Amino acid sequence: LSQSDAQDIQTYLRKQYKDADLSQGEHRHLLQQTDDGGGYALWVLEAPEAKTVSVNAQAGKNWPMIQLPGTPLFVASEKFPPFSSAHYRYRVDGKVLGGGKSNRFGFENFPLTPASLPHEGYPQGNLIEMGKHIGEIHFTGVEREWWVYVPAQYASSNPGDVRLIVFNDGGNFCKGDGNACIVLDNLIHEKKIPVSIAVFVNPGLQPPKGKNNQKEANRGNEYDTCTPRYANFLDEEILPIVREKYPHSPSPDDHVICGSSSGASCAFTAAWHRDDMFHKVISFVGSYCDFRQINDYPTAGQTQLPEGDLYGPWKTAHDYPALIRKTDPPKPLKIYLQDGHNDLDNNLGNWFLANQRMAAALNYAGYDYHFEIGHGFHSRKHGVSLLPEILIWMFDEN
């Protein structure tokens, strides 16, 4: 590289990272996806006194970095094929930098099947925006958006035969690629699943507070605390409106709840605690990990539990495998788990191993379940691409 090119690259990188400290190894890589579903990764590290710098990843992967002439920046780039990943740290003069526990990325490509794409001539249902909901009984004052999908065939159906599907993080499922409304249009028209209405519920925002008067996300309170509270919220505040406007089967055998990540573990929690509401669970990259804070654990010499029994069995989805194994008889649940080898690995746990523990427990306890393993990451992409076949499996009574 010429001095001029090196300076141009440094200017570009500084602009990308703005005022970030590039010397500790905690900053993010830069990615550019390619048409085949793979992509390029670029790493940069500021190490003006270093002689050798490299990027080191799992399984012995190593990418030497070169210094941009006349700058303190070392850079490396690499092209990755689809379904490849790197969980990496920087090594400077033979020593690994302390930062970067969460430095990971991957490229995945899950094309949608025709069952997830619009078809000319197929009847289209209506996605009805239900306006803002403000919590009155549970999550008081918390505001959220939600929608109801009503299929074109609903008007000519017997309400007692109509199924119900609830989607956590609902806005992510009723818009964009893999839109669940399109999937339902197709499957219902082709008579591959029964006529079904769908309820898409977003996590809420807490009322503004503090100096900045900012609304804070309530998602963790709703999804990661493994109590009946969220299911009770649905039962007492959201679903009564749906039952009145769009009557449907009251049987929990006809009710599905679906989610991704913490929304997935929340879906399982809702069915686990309220199997009078839901018997069917769809879980994409479920967060069955330990969300306890370090101070929630007992310590040496402690003679009583922390105030409020903070580390009890309902505190975190990490405990579900043990509860599944020890609950006899099994609950009347049908569960679809999906996860990928490249899911998260951080201080809360290893997501893929957590899903493996769930599957092993469900198998041991004799549940009706399916565990789909892929090569994806902590995203909805693989699960959404499978949604048509999952719904067919869910409603198959044979």
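Which strand gives the most to the lining of the second largest pocket? The legend to Figure 3 gives the answer for this predicted model.

**Figure 1. Overall view of the predicted protein chain.** The secondary structure of the chain consists of nine helices and 18 strands. Along the principal axes, the C-alpha atoms fill a box of roughly 75 × 65 × 50 Å. Of the 398 residues in the chain, 50% are buried. Contacts between residues at least 6 apart in sequence join residues at least 24 apart in 72% of cases. The chain has an accessible surface of about 19100 Å², and carbon and sulfur atoms account for 49% of that surface.

**Figure 2. Close-up of the largest pocket.** This pocket holds about 240 Å³ of space. Its lining includes the run Glu108, Asn109, Phe110, Pro111 and Leu112. Gln33, Asp177 and Gly178 also line the pocket, as do Arg380, Lys381 and Val384. By class, the lining has four charged, four nonpolar and three polar residues.

**Figure 3. Close-up of the second largest pocket.** The volume here is about 160 Å³. Strand β8 (residues 104–107) gives the most to the lining, with three residues. Arg104, Phe105 and Gly106 are among the lining residues. The lining also contains Arg28, His29 and Leu31, together with Ser102, Asn342, Leu344, Phe377 and His378. Five of the lining residues are polar, four are nonpolar and two are charged.

**Figure 4. Close-up of the largest nonpolar core.** In soluble globular proteins, nonpolar side chains tend to be buried together. The largest core in this model has 82 residues. The members that touch the most other members are Val199, Phe200, Leu234, Leu239, Tyr320 and Ile324. Helix α8 (residues 351–365) gives the most to this core, with eight residues.

**Figure 5. Close-up of the surroundings of Tyr320, a member of the largest nonpolar core.** Leaving aside residues up to four places away in sequence, Tyr320 touches Cys226, Phe268, Thr269, Trp272, His273, Tyr288 and Met358.

**Figure 6. Close-up of a second nonpolar core, separate from the largest one.** This core has 20 residues. Trp43, Val53, Phe74 and Tyr90 are among them.

Key
Residues are numbered from 1 along each chain as its sequence is written. This is a predicted model: local features need pLDDT of at least 70, side-chain atom pairs count only at pLDDT 80 or more; totals for chains, interfaces and linings use all residues. Side-chain values use heavy atoms; hydrogens and water are left out. On a 1 Å grid over the protein atoms alone, a cavity is a set of points where a 1.4 Å probe fits but cannot get out, and a pocket is an open set with protein on both sides within 12 Å along at least five of seven lines; lining residues have an atom within 4 Å of a point. Grid points are joined across faces, edges and corners, and a volume is the space filled by probe spheres set on the points. Ala, Val, Leu, Ile, Met, Phe, Trp, Tyr, Cys and Pro count as nonpolar, Asp, Glu, Lys and Arg as charged, and the others, Gly among them, as polar. Helices (H or I, at least four residues) and strands (E, at least two) are DSSP runs, numbered from the N terminus. Buried means under 20% relative accessible area, exposed over 50%, partly exposed in between (1.4 Å probe, protein chains only). Contact means heavy atoms within 4.5 Å. Accessible areas come from the Shrake-Rupley method with a 1.4 Å probe; for residues, only the protein chains shown count as cover. A nonpolar core is a set of buried Ala, Val, Leu, Ile, Met, Phe, Trp, Tyr and Cys residues joined through side-chain atoms within 4.5 Å.
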